[in-house]
Amino acid sequence: MKFRVDRKALADTIAVVAKSLPSKPPTPVLAGVKITADSGVLRVEGFDYETSTRAHVVADVLDEGSVLVSGKLLADITKALPQKPVEVSVDGARVGIVCGSAKFSLPTMPVADYPALPAFPATTGSLPTEVFETVVGQVAAAAGKDDTLPMLTGVKIEAENGTLTLAATDRFRLAIRTLDWTGGDVNALIPAKTLADVARDVSRTQGLDNVDVGFHEGLFGADTGNVWTTARVLDAEFPKFRQLLPSEHSAVAGVDVAELVGAVKRVGLVAERGAQIRLTFDTGSLTVTAGTDGESSAEETLAATFAGEPLTIAFNPGYLLDGLNVIGTERVLFGFTTPNRPATLRPLSGDMQEYVGAGPFQPADTSFVYLLMPVRLPGNN
């Protein structure tokens with residue numbers, strides 16, 4: 001095998017595949033990427049029996065063939081090469097890489113030992129690229145990262161009657177996004193990391209109008225143009241998330257997102273790692289505080305539109321910022337029941353004229369909601 005290819009195109013393609021390789025592969029060949037040169041195209045593959053990634057790039061193929069080589073090492077090398085054409089050739093059990101005056105020689109692994117990748121599932125439906133990036137960004141951040149609780153590491157995807165719903169939770173927050181859908185019915189739990197990786201691939205792809213997704217016999221697939229990704233759906237029972245949303249609110253508040261994000265970051269500087277920040281809502285104002293008497297403390301007051309009885313509630317600042325950063329509007333609508341029960345964050349585009357008096361208030365009908373558990377404060381019942 002021998003080919004010449006643009007350095008950046010090669011590095012980007014290898015990086016997309018190598019990032020999904022297992023850190024501790026069950027067999028040595030799964031640490032490799034398989035490169036096949038054929039008819040002017042390089043196909044690069046990675047697989048760990050759960051997730052597969054296939055990417056392709058145009059190249060000047062001089063001799064067709066395949067090679068299997070360490071993915072992480074090859075990704076590091078191609079990223080560090082000078083911006084000049086790269087020539088790759090195989091000689092026996094070694095692969096040579098030449099770029100300008102830089103030369104590398106790497107051992108290969110037996111191509112015949114590499115497992116066949118699963119067939120890509122037929123397309124179930126498509127989403128515009130910007131919509132796909134947005135909805136995955138809004139939901140995937142709320143997924144858990146504890147592999148001992150697999151049902152919390154995924155994004156629940158349901159599609160029926162023209163509506164697509166994505167949901168994720170780590171027990172401390174819950175994100176739900178709904179949108180119109182013209183594809184087939186879906187009921188699957190997809191690894192959140194896989195969806196996040198696909199969204200990053202989308203952001204790097206120029207001229208891609210839609211992301212095609214497919215579901216078939218326990219397999220999820222996403223096509224982002226030059227990259228195909230598949231993943232086994234998670235065999236776990238996702239929590240019944242809709243019943244967690246409150247049916248009414250005792251108080252609501254509208255706050256400028258950028259101002260609140262800035263205040264939380266500044267006030268949070270005095271909070272010890274993992275410590276809460278406190279939000280005190282009153283008529284026309286929100287006060288953000290952190291720290292304790294006798295130690296470092298901070299306070300900042302913002303304008304807010306508030307309806308209901310004044311209250312103080314505390315949150316993990318990281319979880320709060322995660323929600324604020326994906327709201328997608330200039331203002332956020334908070335909904336409260338009691339200081340010890342979950343609060344909701346929703347996009348706010350109106351003037352809140354419908355919220356007057358002491359409540360109770362009906363939840364706003366929005367396509368995105370972020371449910372956040374508070375931190376219990378002394379004296380709050």
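Which helix gives the most to the lining of the largest cavity? In this predicted model, the answer is α3, with three residues. That cavity is a useful place to start, and the sheets, helices and pockets follow.

The structure holds four cavities of 30 Å³ or more. The largest cavity contains about 110 Å³ of space. Its lining is formed by Leu127, Phe132, Val135, Val136, Ile157, Leu164, Leu166, Trp181, Leu195, Val213, Phe215 and Phe220. By class, these are twelve nonpolar residues, with no polar and no charged ones. At least two lining residues come from each of α3, β12 and β15 (210–216).

Helix α3 spans residues 129–140, and helix α4 spans residues 192–204. Two packed helices are described by the angle between their axes and the distance between the axes. For α3 and α4, the angle is about 145 degrees and the axes are 9 Å apart. Their crossing is left-handed. On the α3 side, the contact is made by Thr129, Phe132, Glu133, Val136 and Ala140. On the α4 side, Ala192, Leu195, Ala196, Val198, Ala199, Val202 and Ser203 take part. Nine of the contact residues are nonpolar, two are polar and one is charged. Phe132 and Val136 of α3 belong to this contact and also line the largest cavity. Leu195 of α4 likewise appears in the helix contact and in the cavity lining.

Next come the sheets. One is an open sheet of nine strands with antiparallel pairing. The strand order is β14-β11-β12-β13-β26-β25-β24-β18-β22. Its edge strands are β14 (186–191) and β22 (305–307), each of which pairs on one side only. Neighbouring strands are turned by 15 degrees against each other on average, direction ignored. At the β22 edge, the partner is β18 (residues 251–256), joined to β22 by three bridges in the antiparallel sense. Within this pairing, Val252 has Ala307 of β22 as its bridge partner.

Both helices meet this nine-stranded sheet. Helix α3 lies across β11 (154–160), β12 (163–169), β13 (173–180) and β26 (368–372). Its direction is at about 155 degrees to that of β13. Helix α4 packs on the sheet too, touching β11 and β14. The direction of α4 makes about 85 degrees with that of β14.

Another open sheet has eight strands, again with antiparallel pairing. Here the order is β6-β2-β3-β4-β17-β16-β15-β10. Strands β6 (65–70) and β10 (125–128) stand at the edges with a single partner strand each, so one side of each is left without a neighbour in the sheet. On average, neighbouring strands of this sheet are turned by 20 degrees against each other, direction ignored. Five bridges link β2 (residues 32–38) with β3 (residues 41–47), and the two pair in the antiparallel sense. One of the residue pairs is Lys34 with Glu45, the latter in β3.

The eight-stranded sheet also meets both helices. Helix α3 lies across β10 and β15, running at about 90 degrees to β10. Helix α4 lies across β4, β15, β16 (219–223) and β17 (227–232). Its direction is at about 175 degrees to that of β17. Strand β15 is thus crossed by α3 and by α4.

The pockets complete the description. About 600 Å³ of space lies in the largest pocket. It is lined by 22 residues, and the closest to its centre are Asp147, Thr153, Pro191, Lys193 and Thr194. Helix α4 gives the most to this lining, with five residues. The lining divides into nine nonpolar, five polar and eight charged residues.

The second largest pocket holds about 330 Å³ of space. It has 14 lining residues, and those nearest its centre are Asp12, Thr13, Arg204, Thr205 and Asn226. Two or more lining residues come from each of α1 (7–18), β4 (51–58) and α4. By class, the lining has six nonpolar, five polar and three charged residues. Helix α4 therefore recurs in the lining of the largest pocket and of the second largest pocket.

Definitions and conventions:
Residues are numbered from 1 along each chain as its sequence is written. This is a predicted model: local features need pLDDT of at least 70, side-chain atom pairs count only at pLDDT 80 or more; totals for chains, interfaces and linings use all residues. Side-chain values use heavy atoms; hydrogens and water are left out. On a 1 Å grid over the protein atoms alone, a cavity is a set of points where a 1.4 Å probe fits but cannot get out, and a pocket is an open set with protein on both sides within 12 Å along at least five of seven lines; lining residues have an atom within 4 Å of a point. Grid points are joined across faces, edges and corners, and a volume is the space filled by probe spheres set on the points. Helices (H or I, at least four residues) and strands (E, at least two) are DSSP runs, numbered from the N terminus. Ala, Val, Leu, Ile, Met, Phe, Trp, Tyr, Cys and Pro count as nonpolar, Asp, Glu, Lys and Arg as charged, and the others, Gly among them, as polar. Two strands pair if DSSP finds at least two bridges between them. Axes are lines fitted to C-alpha atoms, for helices over the stretch in contact, and angles run from 0 to 180 degrees between N-to-C directions. Contact means heavy atoms within 4.5 Å. A crossing is left-handed if the near helix is turned anticlockwise from the far one by less than a right angle, and right-handed if clockwise.
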